[in-house]
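Me: I'm new to this one and would like to understand the words people use for it. Could you take me through them step by step?

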Amino acid sequence: MTIDGQIILVTGATSGFGRETARLAVADGARVIATGRRQERLDALQEELGTENLLPLCFDIRDHDAVADAVASIPEAWRPIDALVNNAGLALNTAKAQDVPMDEWERMIDTNIKGLIYMTRAILPEMLARDRGYILNVGSMAGNYPYPGGNVYGGSKAFVKQFSLNLRSDLLGSNIRVTNLEPGLAETEFSLVRLGDEAAADKVYEGTDPLTGEDVARCILFCLSQPPHVNINRMEIMPTCQAPAGLAIHRK
Ligand code: NDP
Ligand code: 8X3
């Protein structure tokens with residue numbers, strides 16, 4: 001099975017996993033609807049990949065009306081969306097739960113949870129009408145394992161995992177597939193967004209050999225390329241230098 005000729009909507013395609021997914025998908029013969037808030041990045045990607053291969057849609061996924069308007073604006077020729085890659089998301093801060101500003105928790109919930117469910121509900125009806133489609137959600141290993149400072153970010157990704165599994169239950173009997181992809185440490189703009197400065201972001205990856213955007217994009221395309229009777233429920237990926245390395249005990 002290939003993705004040649006498919007239409008794939010990728011949220012968060014202005015950077016990181018989303019942008020690499022758009023690039024590899026177009027290289028494999030798909031057409032990509034690329035979303036994000038940075039119009040200039042979307043324009044640059046369209047310039048790179050061609051207007052016939054890439055349709056940019058600039059909006060904020062936290063805004064329910066903006067999501068509905070953006071999806072409604074998709075031209076007929078781009079409408080039968082084969083796959084939705086719910087990738088847009090962010091982490092803010094690594095401070096302890098008691099120290100993180102409430103508005104940062106709210107931004108993660110609004111983006112990682114509410115934005116993802118807005119997109120899903122906007123696209124799912126047409127998939128159901130065609131009885132064909134694929135929803136791939138980008139969760140995180142942070143939804144599987146706790147770590148200090150993970151608080152609401154990890155909680156939001158645990159939501160994405162359980163929502164994905166529940167969605168799959170609701171869609172049983174249809175030909176719509178659902179995957180939760182769970183990457184670990186990956187070098188993108190993620191840490192810059194989380195920590196707010198380049199030096200701190202670079203330190204996250206110091207002395208490691210992290211996943212790249214392209215590594216994760218290849219996993220996304222691997223999932224999307226499976227034959228229609230194969231559903232990958234969850235895929236957890238870490239760089240070799242990372243492992244879930246046990247429980248912590250604080251001793252007096
Ligand atoms: P990047 O920061 O490089 O990319 C994030 C993307 O999300 C950008 O394209 C950004 O676009 C988009 N985005 C963020 N907020 C919004 C919003 N409100 N509306 C629309 N688009 C938005 O990070 P990654 O590529 O690493 O992250 C992609 C996903 O992978 C996220 O869900 C992240 O949580 C997850 N992840 C990342 C890991 C990592 O270590 N890097 C590991 C595991 C999971 P724009 O700013 O233009 O709106
Ligand atoms: C992103 C990976 O380790 O920063 O989901 O939580 S981590």
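Reply: Happy to! A polar contact is a pair of N or O atoms within 3.5 Å. Keep in mind that this is a predicted model.

Me: What makes Ser15 a polar contact of ligand 1?

Reply: A polar side-chain atom of Ser15 lies 2.5 Å from an oxygen atom of ligand 1. The limit is 3.5 Å, so the pair counts as a polar contact. Ser15 is also among the residues that come nearest to ligand 1, together with Thr14, Arg37, Tyr153 and Thr188, out of 28 around it.

Me: How do you know that Arg38 and Ile61 make polar contacts with ligand 1 too?

Reply: By the same kind of check. An N or O atom in the side chain of Arg38 is 2.9 Å from an oxygen atom of ligand 1. For Ile61 the partner is a polar backbone atom, 3.0 Å from a nitrogen atom of the ligand. Both pairs are within 3.5 Å, so both qualify.

Me: And ligand 2: what makes Arg194 a polar contact there?

Reply: An N or O atom in the Arg194 side chain is 3.3 Å from an oxygen atom of ligand 2. That is within 3.5 Å, and therefore it counts. Ser140 has a side-chain N or O atom 2.5 Å from an oxygen atom of ligand 2, and Tyr147 has a polar side-chain atom 2.6 Å from one. The residues around ligand 2 also include Met141, Ala142, Tyr153 and Phe190.

Me: Now the helices. Why is α3 called roughly parallel to α4?

Reply: Two packed helices are described by the angle between their axes and the distance between the axes. Here α3 (residues 64–72) and α4 (residues 102–130) pack at about 30°, with their axes 10 Å apart. Angles under 35 degrees count as roughly parallel, so α3 is roughly parallel to α4. Their crossing is right-handed.

Me: Which residues meet there?

Reply: His64, Val67 and Val71 in α3 meet Tyr118, Met119, Ala122 and Ile123 in α4. By class, this contact has six nonpolar, one polar and no charged residues.

Me: Last one: how do you know that Asn231 and Asn233 are joined by a polar contact?

Reply: Their side chains are linked at 2.9 Å, which is within 3.5 Å, so the term applies. Asn231 sits in the loop between α8 (213–224) and β9 (234–237). The side chain of Asn231 also reaches the backbone oxygen of Val178 at 2.8 Å.

Note on methods:
Residues are numbered from 1 along each chain as its sequence is written. Chains are lettered from A and ligands numbered from 1 in the order in which they are written. This is a predicted model: local features need pLDDT of at least 70, side-chain atom pairs count only at pLDDT 80 or more; totals for chains, interfaces and linings use all residues. Side-chain values use heavy atoms; hydrogens and water are left out. Axes are lines fitted to C-alpha atoms, for helices over the stretch in contact, and angles run from 0 to 180 degrees between N-to-C directions. Helices (H or I, at least four residues) and strands (E, at least two) are DSSP runs, numbered from the N terminus. Angles under 35 degrees count as roughly parallel, over 145 as roughly antiparallel, 65 to 115 as roughly perpendicular and the rest as oblique. A crossing is left-handed if the near helix is turned anticlockwise from the far one by less than a right angle, and right-handed if clockwise. Contact means heavy atoms within 4.5 Å. Ala, Val, Leu, Ile, Met, Phe, Trp, Tyr, Cys and Pro count as nonpolar, Asp, Glu, Lys and Arg as charged, and the others, Gly among them, as polar. A residue is near a molecule or strand if one of its heavy atoms lies within 4 Å of it. A polar contact is a pair of N or O atoms within 3.5 Å; within protein, one must be able to donate a hydrogen and the other to accept it, and residues adjacent in sequence count only if both atoms are side-chain atoms.
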